[in-house]
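Subject: The structure for you to look at

Hi,

Here is the structure I promised to pass on. Have a look at it first, then read my notes below.

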Amino acid sequence: WANNEESGPLAMSPSVTFSSSLQHLSLSHFMFEDEGMLRLSQSLVNCSQLKHLELVNQGMHDTGAQLVAGLLLRNQGLTHCDLGGNFIGHAGMEQLSRSFRCLRDLTELSLHGNYIGDVGAEHLSRGLVSCSQLQLLDLAYCEIGDSGIASLSETLAKCLRISELQLDCNDFKEEGLHILAESLRHSASLRHLSLASIEMRDSGVGKLADCLRSVPGLMNLNLTNTSIGDKGATSLARQMTNFTSLTELRLMRQELPTFFRSEGDQGKGFGDLGATSLAESLPRCSSLTRLHLGGHRIRDGGARALARVLPQCKSIRSLNLSYNQLDIDAAASFAEAMPVCSSLTFLSLRGNPMPSKSASFFAGSLERVELSLSRR
């Protein structure tokens, strides 16, 4: 590569040719764009043994994706492919998907941050049919709506080895979520599911929880920044005892003090009813180590319910209740429980409207537990 004004900040010399035995190629943030991708593909013309390919944040559009598709066809033993953070649209995805059909050993595929959309998702679903070894699929921030997730769900139901699925910040809503949830009902290998910032309401959470009870190996569930309310939290709590391997549950909302939240956001999230339902299920979640409940509307009633069951939760090490509506009485409830919470090592009450003197309640526990109490 050379840095010069004529060829751009990072351009490849035409004379560079990679060894035919190259197996691992990782290039991130070089911003080759499509012209640079042409030079790169020419330099890789003799490569046929690639196992690991990362071309992240290269400024690649559909033309560049077509060049990568040709590279994939010459390296059908590829196991890891990361093309995240580019500008690949549905036309580029169509070309790539034709190559994906030949990657029968592919185990990890990341396309996060591309402009795939519903049409691209439909192409991708056809391309993944032959990827029977696929274990990780990252499609976060890909503008996939209801019809796109419906197409992908048909394929996901057949990907029996999927262990990690990331679909954060896409455009599908309740209809798409219901279809996705049903496709995951028999995903016995699923361990990590991330659906952060999906427009998910209580009925969708209920459907998802009902389907995931058939996935006993689920270890990590991320529902950050969704619109889950009391009914959704209660539906999830009813099924949590079936998640016997669950180690981390993320239900955080945007962590802002109450007075900074927009008027439309004030009533969102769950309150004491949802928190109490979750609390009642916790003693039977024997593998749960980290629970994130920040940014909701939990008050003292929910705090008391959680504090009451914490001593029975022998595996929980971290509890995040930041930016709720807890006051000094909630602090007292947790302080009373702390001496008999043998496993707890981190408790966040940050951003709650409790006076600074609340910190004195925890004086006897600070040697063992990391405590966050800042009001900011």
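Let's start with one residue, Asn 225: its relative accessibility is 34%, so it counts as partly exposed. You'll find Asn 225 in the loop between strand S10 (220-222) and helix H8 (230-240). What caught my eye is its backbone: Asn 225 has a positive phi of about 55 degrees, although it is not a glycine. Most residues other than glycine have a negative phi. Tyr 323 also has a positive phi, near 55 degrees, and is not a glycine either. Tyr 323 sits in the loop between strand S13 (318-320) and helix H11 (328-337). Is Tyr 323 buried or exposed? With a relative accessibility of 7%, Tyr 323 counts as buried.

Before you zoom in further, remember that this is a predicted model. The protein chain has an average pLDDT of 90, and 90% of the residues score at least 70. Two stretches need some care, though. Over residues 1-10 the pLDDT is below 50, and this stretch has 19 contacts in the model beyond near neighbours in sequence. Residues 256-264 also stay under 50, and there the model has 10 contacts beyond four places in sequence. Where pLDDT is low, the predicted coordinates should not be read in detail.

Next, the aromatic rings. How many aromatic pairs are there? The count comes to two. In one of them, the ring centres of Phe 30 and Phe 32 are 5.6 Å apart and the planes are at 35 degrees, so this pair is tilted. Phe 30 counts as partly exposed at 23% relative accessibility, while Phe 32 counts as buried at 5%. The other pair is Phe 87 with Tyr 115, also tilted, at 5.9 Å centre to centre and with 50 degrees between the planes. Phe 87 is in the loop between strand S5 (80-82) and helix H3 (90-100), and Tyr 115 is in the loop between strand S6 (108-110) and H4, so the pair ties together parts that are 28 residues apart in sequence. Both rings belong to partly exposed residues: Phe 87 has 31% relative accessibility, and Tyr 115 has 43%.

Now try helix H5 (residues 146-156). Why can we call H5 largely enclosed by the rest of the structure? Because eight of its 11 residues are buried. Those are Gly 148, Ile 149, Ala 150, Ser 151, Leu 152, Ser 153, Thr 155 and Leu 156. And what do the buried residues of H5 pack against? Their partners are two helices, H4 (117-127) and H6 (174-183), along with two strands, S7 (136-138) and S8 (164-166).

Last comes the empty space. Rolling a probe the size of a water molecule over the atoms shows where such space is left. A search of the whole structure turns up one cavity of 30 Å³ or more, and the volume of the largest cavity is about 30 Å³. Helix H1 (33-43) and helix H2 (62-74) are the elements that each give two or more residues to its lining. To find the spot on your screen, select Met 37, Leu 40, Ser 41, Leu 44, Leu 67, Val 68 and Leu 71, which line the largest cavity. By class, that lining has six nonpolar residues, one polar residue and no charged ones.

Have fun exploring!

Notes. Residues numbered from 1 in each chain as written. Predicted model: local features only at pLDDT ≥ 70, side-chain atom pairs only at ≥ 80, totals over all residues. Heavy atoms only, no water. 1 Å grid on protein atoms, 1.4 Å probe; cavity = no way out; pocket = protein on both sides within 12 Å on 5 of 7 lines; lining within 4 Å. Points joined across faces, edges and corners; volume = space filled by probe spheres on them. Helix = DSSP H or I, 4+ residues; strand = E, 2+ residues; numbered from the N terminus. Nonpolar A, V, L, I, M, F, W, Y, C, P; charged D, E, K, R; others polar. Buried < 20%, exposed > 50% of the residue type's maximum accessible area, 1.4 Å probe, protein only. Contact = heavy atoms within 4.5 Å. Phe/Tyr/Trp six-rings, centres within 6.5 Å; stacked < 30°, edge-to-face > 60°. pLDDT = per-residue confidence, 0-100.
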